[in-house]
Amino acid sequence: MSASRLRAALVAGALAVTSLSMTAPASAADFAEDCVDGPASAASAEAPHIWDAGGDSQFAPNADAADLRAGWIGVNEEGGFTANIQVTSMSTPPLMQQFMLSYSGVKGEHYVSARYAETGWAFNTGHLDTTQTPQRQVNDGPTTGSVDTAAGIITINLPEAAVPPAPTDGSEVKMPVIGMKSQQLLGTNTSGGLLLLTDDANWVCDVILYEAQETEEEPATDPSQTP
Ligand SMILES: [Ca+2]
(Lines give C-alpha, C1' and ligand atoms only; values in the text may rest on other atoms or scores of the structure.)
Protein backbone atom coordinates (compact mmCIF):
# COMPACT_ATOMS: atom_id res chain seq x y z
CA MET A 1 0.00 0.00 0.00
CA SER A 2 2.75 2.46 0.87
CA ALA A 3 4.49 1.90 -2.45
CA SER A 4 1.22 2.53 -4.26
CA ARG A 5 0.68 5.72 -2.32
CA LEU A 6 4.16 6.85 -3.22
CA ARG A 7 3.54 6.35 -6.92
CA ALA A 8 0.29 8.26 -6.70
CA ALA A 9 2.04 11.08 -4.89
CA LEU A 10 4.70 11.25 -7.58
CA VAL A 11 2.09 11.55 -10.29
CA ALA A 12 0.24 14.23 -8.35
CA GLY A 13 3.43 16.22 -7.97
CA ALA A 14 4.27 15.96 -11.64
CA LEU A 15 0.89 17.35 -12.65
CA ALA A 16 0.84 20.18 -10.13
CA VAL A 17 1.59 22.78 -12.80
CA THR A 18 -1.57 21.96 -14.72
CA SER A 19 -4.21 24.67 -14.57
CA LEU A 20 -7.61 23.15 -13.85
CA SER A 21 -11.00 23.92 -12.43
CA MET A 22 -13.05 21.03 -11.12
CA THR A 23 -15.11 20.12 -8.11
CA ALA A 24 -13.12 17.98 -5.72
CA PRO A 25 -14.39 14.46 -5.05
CA ALA A 26 -16.51 14.10 -1.94
CA SER A 27 -14.04 11.62 -0.53
CA ALA A 28 -10.44 11.73 -1.58
CA ALA A 29 -9.61 8.63 -3.55
CA ASP A 30 -6.16 7.40 -4.21
CA PHE A 31 -4.94 5.14 -6.95
CA ALA A 32 -2.09 3.01 -8.12
CA GLU A 33 -0.94 2.14 -11.60
CA ASP A 34 -0.61 -1.43 -12.68
CA CYS A 35 1.05 -1.03 -16.07
CA VAL A 36 3.89 1.43 -15.86
CA ASP A 37 6.43 -0.62 -17.77
CA GLY A 38 6.94 0.44 -21.34
CA PRO A 39 9.48 1.58 -23.87
CA ALA A 40 11.81 4.33 -22.75
CA SER A 41 10.94 6.43 -25.79
CA ALA A 42 8.12 8.17 -23.92
CA ALA A 43 10.23 8.98 -20.88
CA SER A 44 8.84 12.50 -20.66
CA ALA A 45 5.41 11.18 -19.74
CA GLU A 46 4.63 10.42 -16.11
CA ALA A 47 3.61 6.84 -15.38
CA PRO A 48 1.91 6.10 -18.72
CA HIS A 49 -0.71 3.38 -18.83
CA ILE A 50 -0.80 3.16 -22.62
CA TRP A 51 2.09 3.49 -25.03
CA ASP A 52 2.20 3.91 -28.77
CA ALA A 53 4.98 4.06 -31.35
CA GLY A 54 6.00 7.37 -32.89
CA GLY A 55 5.61 8.19 -36.57
CA ASP A 56 2.60 5.94 -37.22
CA SER A 57 -0.21 8.45 -37.69
CA GLN A 58 -2.10 8.36 -40.99
CA PHE A 59 -4.35 10.66 -43.01
CA ALA A 60 -3.65 13.63 -40.73
CA PRO A 61 -2.64 17.01 -42.18
CA ASN A 62 -0.62 17.60 -39.01
CA ALA A 63 1.03 14.21 -38.56
CA ASP A 64 3.07 14.92 -35.43
CA ALA A 65 0.10 16.36 -33.55
CA ALA A 66 -2.04 13.34 -34.46
CA ASP A 67 0.71 10.88 -33.44
CA LEU A 68 -0.23 9.33 -30.08
CA ARG A 69 2.69 8.40 -27.82
CA ALA A 70 1.42 7.87 -24.26
CA GLY A 71 -1.77 7.99 -22.23
CA TRP A 72 -2.30 7.86 -18.49
CA ILE A 73 -4.63 8.60 -15.61
CA GLY A 74 -3.44 11.30 -13.20
CA VAL A 75 -4.82 13.50 -10.48
CA ASN A 76 -5.36 17.25 -10.50
CA GLU A 77 -4.80 19.80 -7.77
CA GLU A 78 -8.35 19.33 -6.51
CA GLY A 79 -7.88 15.59 -6.08
CA GLY A 80 -9.98 14.67 -9.11
CA PHE A 81 -8.82 12.27 -11.78
CA THR A 82 -7.52 13.31 -15.18
CA ALA A 83 -6.99 11.56 -18.48
CA ASN A 84 -3.76 12.57 -20.20
CA ILE A 85 -2.72 12.05 -23.81
CA GLN A 86 0.72 12.88 -25.14
CA VAL A 87 1.47 13.32 -28.83
CA THR A 88 4.79 13.69 -30.65
CA SER A 89 4.51 17.46 -31.09
CA MET A 90 1.86 20.14 -30.90
CA SER A 91 4.01 22.98 -32.19
CA THR A 92 1.41 23.43 -34.93
CA PRO A 93 -2.20 23.42 -33.64
CA PRO A 94 -3.99 20.21 -34.72
CA LEU A 95 -6.94 21.82 -36.49
CA MET A 96 -10.11 19.68 -36.47
CA GLN A 97 -8.28 16.90 -34.68
CA GLN A 98 -9.97 14.95 -31.88
CA PHE A 99 -8.29 12.93 -29.14
CA MET A 100 -10.01 10.33 -26.96
CA LEU A 101 -9.07 8.15 -24.02
CA SER A 102 -11.37 5.28 -23.01
CA TYR A 103 -11.69 3.63 -19.62
CA SER A 104 -14.10 1.40 -17.76
CA GLY A 105 -16.33 3.51 -15.53
CA VAL A 106 -19.71 3.46 -13.83
CA LYS A 107 -21.67 2.96 -17.08
CA GLY A 108 -19.27 0.50 -18.65
CA GLU A 109 -16.98 1.97 -21.27
CA HIS A 110 -16.50 5.70 -20.81
CA TYR A 111 -14.47 8.17 -22.81
CA VAL A 112 -13.22 11.70 -22.56
CA SER A 113 -12.34 13.72 -25.62
CA ALA A 114 -10.60 16.91 -26.64
CA ARG A 115 -11.15 18.59 -30.00
CA TYR A 116 -9.35 21.58 -31.46
CA ALA A 117 -11.16 23.96 -33.82
CA GLU A 118 -10.76 27.61 -34.79
CA THR A 119 -12.54 28.60 -31.59
CA GLY A 120 -10.06 26.69 -29.42
CA TRP A 121 -10.17 23.45 -27.46
CA ALA A 122 -13.41 21.77 -26.40
CA PHE A 123 -13.50 18.92 -23.87
CA ASN A 124 -16.30 16.37 -23.56
CA THR A 125 -17.18 13.19 -21.72
CA GLY A 126 -19.40 10.30 -22.71
CA HIS A 127 -20.00 6.59 -22.63
CA LEU A 128 -20.61 3.71 -25.00
CA ASP A 129 -24.24 2.62 -25.35
CA THR A 130 -24.02 -1.15 -25.82
CA THR A 131 -27.82 -1.64 -25.90
CA GLN A 132 -27.95 -0.40 -29.48
CA THR A 133 -26.73 -2.11 -32.62
CA PRO A 134 -24.28 -0.93 -33.67
CA GLN A 135 -22.99 0.35 -30.35
CA ARG A 136 -22.77 4.10 -30.31
CA GLN A 137 -21.08 6.82 -28.31
CA VAL A 138 -23.35 8.96 -26.14
CA ASN A 139 -22.06 12.42 -25.23
CA ASP A 140 -22.62 13.06 -21.51
CA GLY A 141 -21.71 16.72 -21.76
CA PRO A 142 -18.76 19.09 -21.53
CA THR A 143 -15.92 18.78 -19.06
CA THR A 144 -12.83 20.87 -18.43
CA GLY A 145 -9.24 20.38 -19.42
CA SER A 146 -6.03 22.01 -20.47
CA VAL A 147 -3.31 21.59 -23.08
CA ASP A 148 0.43 21.91 -22.51
CA THR A 149 1.45 22.79 -26.06
CA ALA A 150 5.19 22.69 -25.38
CA ALA A 151 5.01 19.17 -23.93
CA GLY A 152 2.32 17.97 -26.34
CA ILE A 153 0.13 16.84 -23.46
CA ILE A 154 -3.68 17.07 -23.38
CA THR A 155 -5.21 16.83 -19.90
CA ILE A 156 -8.95 16.18 -19.54
CA ASN A 157 -10.77 16.14 -16.19
CA LEU A 158 -12.83 13.01 -15.52
CA PRO A 159 -16.22 13.95 -14.04
CA GLU A 160 -16.47 12.49 -10.56
CA ALA A 161 -19.80 10.85 -11.47
CA ALA A 162 -18.07 8.83 -14.19
CA VAL A 163 -15.37 7.40 -11.93
CA PRO A 164 -16.11 4.24 -9.91
CA PRO A 165 -16.26 5.17 -6.22
CA ALA A 166 -13.31 3.89 -4.21
CA PRO A 167 -14.43 1.35 -1.58
CA THR A 168 -14.42 2.75 1.94
CA ASP A 169 -13.53 -0.57 3.56
CA GLY A 170 -9.90 -0.52 2.46
CA SER A 171 -10.44 -2.82 -0.51
CA GLU A 172 -9.58 -1.88 -4.08
CA VAL A 173 -11.56 -1.51 -7.29
CA LYS A 174 -10.14 -1.62 -10.80
CA MET A 175 -10.73 1.11 -13.38
CA PRO A 176 -9.17 -0.33 -16.54
CA VAL A 177 -7.79 2.07 -19.11
CA ILE A 178 -8.85 0.61 -22.45
CA GLY A 179 -7.27 2.68 -25.16
CA MET A 180 -6.84 6.00 -26.89
CA LYS A 181 -7.28 7.29 -30.40
CA SER A 182 -6.78 10.38 -32.49
CA GLN A 183 -9.23 11.26 -35.25
CA GLN A 184 -9.48 13.90 -37.96
CA LEU A 185 -12.89 15.52 -38.40
CA LEU A 186 -13.89 15.75 -42.05
CA GLY A 187 -16.68 18.19 -42.78
CA THR A 188 -18.57 19.80 -39.92
CA ASN A 189 -20.92 18.59 -37.22
CA THR A 190 -23.85 20.30 -38.92
CA SER A 191 -23.11 18.55 -42.21
CA GLY A 192 -22.80 15.19 -40.46
CA GLY A 193 -19.02 15.29 -40.20
CA LEU A 194 -17.05 12.08 -40.38
CA LEU A 195 -14.30 11.17 -37.93
CA LEU A 196 -11.36 9.51 -39.66
CA LEU A 197 -9.09 7.42 -37.44
CA THR A 198 -5.54 8.79 -37.61
CA ASP A 199 -3.84 6.82 -34.80
CA ASP A 200 -4.86 4.47 -32.01
CA ALA A 201 -3.46 2.43 -29.16
CA ASN A 202 -5.30 -0.33 -27.34
CA TRP A 203 -3.88 -1.64 -24.12
CA VAL A 204 -5.82 -2.82 -21.10
CA CYS A 205 -4.19 -1.47 -17.98
CA ASP A 206 -5.83 -1.50 -14.57
CA VAL A 207 -5.81 1.71 -12.58
CA ILE A 208 -6.57 0.63 -9.02
CA LEU A 209 -8.73 2.90 -6.88
CA TYR A 210 -8.80 2.75 -3.10
CA GLU A 211 -9.67 5.04 -0.25
CA ALA A 212 -6.75 7.27 0.68
CA GLN A 213 -5.40 6.51 4.14
CA GLU A 214 -3.63 9.31 6.00
CA THR A 215 -1.03 7.14 7.67
CA GLU A 216 2.26 8.71 6.68
CA GLU A 217 2.10 11.92 8.68
CA GLU A 218 0.33 13.00 11.84
CA PRO A 219 -1.96 15.98 11.23
CA ALA A 220 -0.60 19.22 12.68
CA THR A 221 -2.23 20.33 15.89
CA ASP A 222 -4.49 23.35 15.39
CA PRO A 223 -3.70 25.86 18.18
CA SER A 224 -7.23 27.26 18.00
CA GLN A 225 -8.54 23.89 19.18
CA THR A 226 -6.40 23.97 22.32
CA PRO A 227 -8.47 24.86 25.41
CA1 LIG B 1 1.63 6.85 -32.53
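A residue counts as buried here if 20 or more other C-beta atoms lie within 10 Å of its own. By that yardstick, buried residues make up 38% of the 227 residues in the protein chain. What you have open is a predicted model, so let's start with confidence and then head inwards.

**Stop 1: colour by pLDDT.** The chain averages a pLDDT of 75, with 69% of its residues at 70 or more. Now select residues 1–29: pLDDT is below 50 there, though the model still gives this stretch 49 contacts beyond near neighbours in sequence. Residues 37–46 are also below 50, with 17 such contacts.

**Stop 2: cartoon view.** Switch to ribbons and you should find 2 helices and 13 strands. Among contacts with a separation of 6 or more, 60% join residues 24 or more positions apart.

**Stop 3: the five-stranded sheet.** Pick out S2, S3, S4, S10 and S9. They make an open sheet in the order S2-S3-S4-S10-S9, paired antiparallel. Which strands stand at the edges? S2 (50–51) and S9 do; each has a single partner strand, so one side of each lacks a neighbour in the sheet. As background, strands of a sheet pair through backbone hydrogen bonds, either parallel or antiparallel.

**Stop 4: strand S10.** Select residues 153–157. How many of the 5 residues of S10 are buried? The count is 5 of the 5, so the strand is largely enclosed by the rest of the structure. Show side chains and check both faces: Ile153, Thr155 and Asn157 are buried on one side, Ile154 and Ile156 on the other.

Next, look at what flanks S10:

- S4 (residues 81–87) runs antiparallel to S10, with 5 bridges between them. Follow Asn84 across to its bridge partner, Thr155, then Ile85 across to Ile154.
- S9 (residues 145–148) is also antiparallel to S10, over 4 bridges. Here Ser146 stands opposite Thr155.

Click through the turn of the S9–S10 hairpin as well. It has 4 residues between the strands, and Gly152 in the turn shows a positive phi of about 70°.

**Stop 5: the nonpolar core.** Select Ala83, Ile85, Leu101 and Ile154. Within the largest nonpolar core, which has 37 residues, these four touch the most other members. The strand giving the most to this core is S3 (residues 68–75), with 5 residues.

Stay on Ile85 and list its contacts. Which residues does Ile85 touch once neighbours within four places in sequence are left aside? You should get Leu68, Gly71, Phe99, Leu101, Ile154 and Met180. Ile154 is the residue you met as the bridge partner of Ile85 in S10.

**Stop 6: Glu109.** Finally, jump to strand S6 (residues 108–117), where Glu109 lies. This residue is partly exposed, because 18 other C-beta atoms are within 10 Å, and being buried would take 20 or more. Put a distance label between its C-alpha and that of His127: they are 18 residues apart along the chain, yet the separation is 5.7 Å. Leaving aside neighbours within four places in sequence, Glu109 has contacts with Ser102, Ser104, His127, Leu128 and Ile178.

Technical notes
Residues are numbered from 1 along each chain as its sequence is written. This is a predicted model: local features need pLDDT of at least 70, side-chain atom pairs count only at pLDDT 80 or more; totals for chains, interfaces and linings use all residues. A residue is buried if 20 or more other C-beta atoms lie within 10 Å of its own, exposed if 12 or fewer, and partly exposed in between; C-beta atoms are placed from the backbone. Two residues are in contact if their C-beta atoms, placed from the backbone, lie within 7 Å. Two strands pair if DSSP finds at least two bridges between them. pLDDT is the predictor's confidence in each residue, from 0 to 100. A nonpolar core is a set of buried Ala, Val, Leu, Ile, Met, Phe, Trp, Tyr and Cys residues joined through C-beta atoms within 7 Å.
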